[in-house]
Amino acid sequence: MDEHKYLLLERDLPKSWYNVIPDLPAPFPPPLNPATGQPANPGDLEAIFPVALIEQEVSGAPAVPIPEPVREVLGAWRPTPLCRARRLEKALGTPAKVFYKNEGVSPAGSHKLNTSLPQAYFNKEQGVRRLATETGAGQWGSALAFACQVFGLECMVYMVKCSYFQKPHRRTMMECWGANCIPSPSDRTQAGRSVLAQDPECPGSLGIAISEAVEDAALRKDTNYSLGSVLNHVLLHQTVIGQEAIAQMKLAGAFPDVVIGCCGGGSNFAGLAFPFVPLKAGGKKIRLVAVEPAACPTMTRGVYAYDFGDSSGMTPLLKMDTLGHTFIPAGIHAGGLRYHGMAPLVSLLHRSGVVEAVSYPQLKCFDAAIQFARAEGIIVAPETSHAVCCVIEEALKAKEEGKEKVILFNLSGHGHFDMAAYEKYLAGELSDYEHPEEKIREALAHLPKAG
Ligand SMILES: *Cc1c(COP(=O)(O)O)cnc(C)c1O
């Protein structure tokens with residue numbers, strides 16, 4: 001029988017996270033204090049982050065140990081399976097071999113528990129009682145809700161309003177795990193109230209929800225803030241994916257020619273791709289491809305500049321690919337890919353040519369997701385459908401060229417809570433949205449001075 005999956009044992013779960021910082025082709029531009037334009041003082045972050053995570057944010061160590069209590073919880077579903085999409089290959093008639101790392105097998109249904117668990121753990125260790133966060137489509141909020149439940153913390157989630165109403169069951173999931181979830185913009189914070197005063201019908205954005213959660217954490221002594229993507233320590237925590245994948249590809253007797261992941265803030269892509277960066281630098285021929293939606297084209301149409309991480313300008317400035325912190329994307333269904341910026345580490349690797357970026361409109365992505373579902377059975381998250389779209393393109397290109405290419409992608413999550421989006425797609429009610437150039441230019445005009 002042909003093999004379909006390559007499995008590791010629980011004891012093979014990596015003991016440390018891989019840190020890409022020492023392997024970067026250029027020095028990492030430090031976050032800046034927006035008031036002074038000088039590098040931010042790590043101490044300034046202590047109002048909202050625990051010391052252990054701030055240390056990881058700036059660490060130059062090649063590897064960072066994973067605490068045993070975190071490994072123990074992860075061990076319930078990790079190492080995740082590496083699968084071969086044989087039926088998809090056959091359906092496409094391609095000589096390419098397609099492999100995927102299935103992060104959808106976690107209790108929250110995505111890769112996000114890989115970082116929510118250590119984040120909750122390090123906060124608990126420092127005596128923090130409550131975490132505040134934002135969530136777009138709800139995957140991050142639910143992952144943090146479960147992690148807080150595991151380590152005994154309260155959890156407060158500001159959920160982008162359009163997703164809150166599109167995906168009510170994600171909220172119920174958070175409540176099952178003991179969290180509190182409200183739509184953002186809300187009247188609970190100054191940031192939310194000022195947006196509502198200008199536009200009572202505002203559908204919300206990740207930038208606004210981040211402002212609300214940061215304000216909540218900054219104003220309460222017992223509360224810290226937690227971010228599900230973008231920051232260095234988040235990407236670090238996701239590298240269990242790529243480390244496992246490298247070991248599993250060995251079991252499969254193959255090495256990828258191309259590694260693909262969808263990109264919102266960049267964490268699942270980085271988690272799979274970063275452990276391949278030193279192999280690429282060492283001479284292995286391998287392409288690392290980051291996929292984003294055409295409606296939020298941060299890497300393909302944004303600029304590489306210092307910008308705020310949130311919409312009201314409360315965070316330090318990060319050097320990243322950005323569409324401007326005032327950018328509010330269309331309400332596409334890949335809610336997790338609607339962030340105005342890109343992780344500074346992914347951005348740097350993109351701008352130095354180590355990582356390629358492509359973008360696709362949503363209809364083509366749903367098309368690809370349906371093809372994948374009919375071949376492989378798994379109905380992927382709308383975010384993940386962007387990676388699948390790129391995989392199918394690469395596999396068809398291999399067919400044209402008659403090449404036996406090896407493709408590896410991150411199946412970042414399942415789409416079981418996204419049936420409303422699939423329903424609309426199947427009913428022909430979804431449309432594509434290219435962000436107009438003048439709106440991008442307008443948002444970029446509001447970049448802070450330091451850029
Ligand atoms: C959150 C999420 C994403 C996007 O976030 P990244 O930080 O870019 O990984 C992609 N896929 C799924 C399933 C998600 O939940």
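The following dialogue concerns the ligand and the cavities of a predicted model.

Modeller: Because the model is predicted, local features need pLDDT of at least 70 and side-chain atom pairs count only at pLDDT 80 or more, while totals for chains, interfaces and linings use all residues. Residues are numbered from 1 along each chain as its sequence is written, and side-chain values use heavy atoms, with hydrogens and water left out.

Biologist: What makes a residue part of the surroundings of the ligand, and how many residues surround the ligand?

Modeller: A residue is near a molecule if one of its heavy atoms lies within 4 Å of it. The ligand is surrounded by 19 residues, and Lys112, Ser229, Gly264, Ser267 and Ser412 are the closest.

Biologist: Why is the pair formed by glycine 264 and the ligand called a polar contact?

Modeller: A polar contact is a pair of N or O atoms within 3.5 Å (within protein, one must be able to donate a hydrogen and the other to accept it, and residues adjacent in sequence count only if both atoms are side-chain atoms). A backbone N or O atom of glycine 264 is 2.7 Å from a ligand oxygen atom, so the pair qualifies. The side chain of asparagine 268 also places an N or O atom 2.7 Å from an oxygen atom of the ligand. In the side chain of serine 412, an N or O atom lies 2.7 Å from a nitrogen atom of the ligand. The protein buries 98% of the 380 Å² that the ligand exposes when taken alone; such areas come from the Shrake-Rupley method with a 1.4 Å probe, and for residues only the protein chains shown count as cover.

Biologist: What makes a set of grid points a cavity, and where does the ligand sit?

Modeller: On a 1 Å grid over the protein atoms alone, a cavity is a set of points where a 1.4 Å probe fits but cannot get out, and its lining residues have an atom within 4 Å of a point. The ligand sits in the largest cavity, which means that more than half of its atoms lie within 2 Å of the cavity's grid points. The lining of this largest cavity comprises 31 residues, including Lys112 and Ser229.

Biologist: Which residues line the second largest cavity, and what classes do they fall into?

Modeller: Among them are Phe28, Glu57, Asn232 and Lys319. The lining of the second largest cavity has nine nonpolar residues, one polar and two charged. Ala, Val, Leu, Ile, Met, Phe, Trp, Tyr, Cys and Pro count as nonpolar, Asp, Glu, Lys and Arg as charged, and the others, Gly among them, as polar; therefore Phe28 is nonpolar, Asn232 is polar and Glu57 is charged.

Definitions and conventions
On a 1 Å grid over the protein atoms alone, a cavity is a set of points where a 1.4 Å probe fits but cannot get out, and a pocket is an open set with protein on both sides within 12 Å along at least five of seven lines; lining residues have an atom within 4 Å of a point.
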